[in-house]
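User: Could you give me a close look at one part of this model, and then follow the structure outward from there? I would like one connected account, please.

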Amino acid sequence: MGILSRVEAFLERFLEAPAGRLGASIQPVSLAKRIERAMDTNKTYADVGVIVPNQYDLYLHPSDFEAFASYRGSLEDDLSHGVLARARHERYTLVARPRVQIVADGETRRGEIRVAANVVDERGDRVREAQPMPPSTDTMIFDRPAGGDAPDSARRAYLLVSTRGSRPVQFDLGGPLIGVGRASDNDVILDDPMVSRHHCQLRLQHGAYGFADLGSRNGSTVNGQPVSQIALGPGDVINVGDTEIEFQVRS
């Protein structure tokens, strides 16, 4: 461990340990700040830009962990979305969708937050080199579902996604279920405050795709008409919030 790392570790213990000694609880904002610090500390430089970790494991004393146990899943999702938002803002590069996991650890002192930050692929394996998706657009696509045994018509289908008039991002289909929304566990992640966290899905049925709104806050339209479910054809235009999604099939 270098001298800068030792100084940082000392400052972390100095600043965070009093919370445990005085009986104060760790707040979600403290977790977010520790992730931001780990993101900045572990960034690397490459031809594609500044690459930052996309996997963050937060280790807490069991008593601190218990305070988050009842809503840990939603908190991890919110923190993951925070990673995505900050990467966009700082123009950092992520190689795969961000993940945050909160872990109970008896070796971590009460009031402390230990962070393990790594660059991993979609399977969770650490990677040395990857083909990243630059976070400079309003739409981010990390994992393209494999076509597998999907019919040829499904493998030829794709989306053109544009938020607030930005340059369209192409997303090739082929998977049986494509999630669209603001949350970081979607296949198509939209930086659009008018879009719900899990807004809608494209579902492959009998060789063709259909659209389904998931009870979103602001609803969805297809070709200008409000819909909850509808079959899709080439050229159909889906609007969710300030985002336009054009469904197309290659000839």
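Analyst: Happy to! Helices H2 and H4 make a right-handed crossing, a term for the near helix being turned clockwise from the far one by less than a right angle (anticlockwise would be left-handed). Helix H2 covers residues 28-41, and helix H4 covers residues 72-90. Both names follow DSSP runs numbered from the N terminus, with at least four residues (H or I) for a helix and at least two (E) for a strand. The model is predicted, so local features here need pLDDT of at least 70 and side-chain atom pairs pLDDT 80 or more, while totals for chains, interfaces and linings use all residues. Residues are numbered from 1 along each chain as its sequence is written, and side-chain values use heavy atoms, without hydrogens or water.

Now for the helix pair itself. The axes of H2 and H4 are 10 Å apart, and the helices pack at an angle of about 40°. Axes are lines fitted to C-alpha atoms (for helices, over the stretch in contact), and angles between N-to-C directions run from 0 to 180 degrees. On the H2 side, the contact is made by Pro 28, Leu 31, Ala 32, Ile 35, Glu 36, Met 39 and Asp 40. H4 answers with Leu 75, Leu 79, Val 83 and Arg 86. Contact here means heavy atoms within 4.5 Å.

Both helices also meet a sheet. That sheet is open and has three strands in the order E4-E3-E5, with mixed pairing. Two strands count as paired if DSSP finds at least two bridges between them. At its edges are E4 (99-104) and E5 (114-118), each pairing on one side only. From one strand to the next, the twist averages 15°. Strand E3 (residues 55-60) runs parallel to E4, and six bridges connect the two. Within that pairing, Leu 58 has Ile 102 of E4 as its bridge partner. H4 packs on this sheet and touches E3 and E4, its direction making about 140° with that of E4. H2 lies across E3, E4 and E5, and runs at about 130° to E3.

If you follow the chain between H4 and E4, you come to a loop that holds Arg 91. Arg 91 has a phi near 60°, positive although the residue is not glycine. As a general background, most residues other than glycine have a negative phi. Arg 91 is exposed, with a relative accessible area of 57%; exposed means over 50%, buried under 20% and partly exposed in between (1.4 Å probe, protein chains only). A second non-glycine residue with a positive phi is His 206, with a value near 55°. His 206 sits in the loop between strand E11 (200-205) and strand E12 (208-213), and it too is exposed, at 86% relative accessibility.

Further along, you will find another open sheet. Its six strands follow the order E8-E7-E17-E16-E13-E14, and the pairing is antiparallel. Strand E8 (169-172) and strand E14 (225-227) each have a single partner strand, so one side of each lacks a neighbour in the sheet. The twist in this sheet averages 30° from one strand to the next.

Starting from the E14 edge, three bridges tie E14 to strand E13 (residues 220-222), and Val 222 faces Gln 225 of E14. E13 also pairs with E16 over three bridges, again in the antiparallel sense. In that pairing, Thr 221 is opposite Asn 239 of E16. Asn 239 also stands opposite Glu 244 in E17, where four bridges link E16 with strand E17 (residues 243-249).

Strand E16 (residues 237-240) has two contrasting faces: Ile 238 and Val 240 are on the covered one, while Val 237 and Asn 239 are on the uncovered one. E16 and E17 form a hairpin with two residues between the strands, and Gly 241 there takes a positive phi near 55°.

Stepping back to the whole protein, there are five helices and 17 strands. Of its 251 residues, 44% count as buried. Among contacts with a separation of 6 or more, 62% come from residues 24 or more positions apart.
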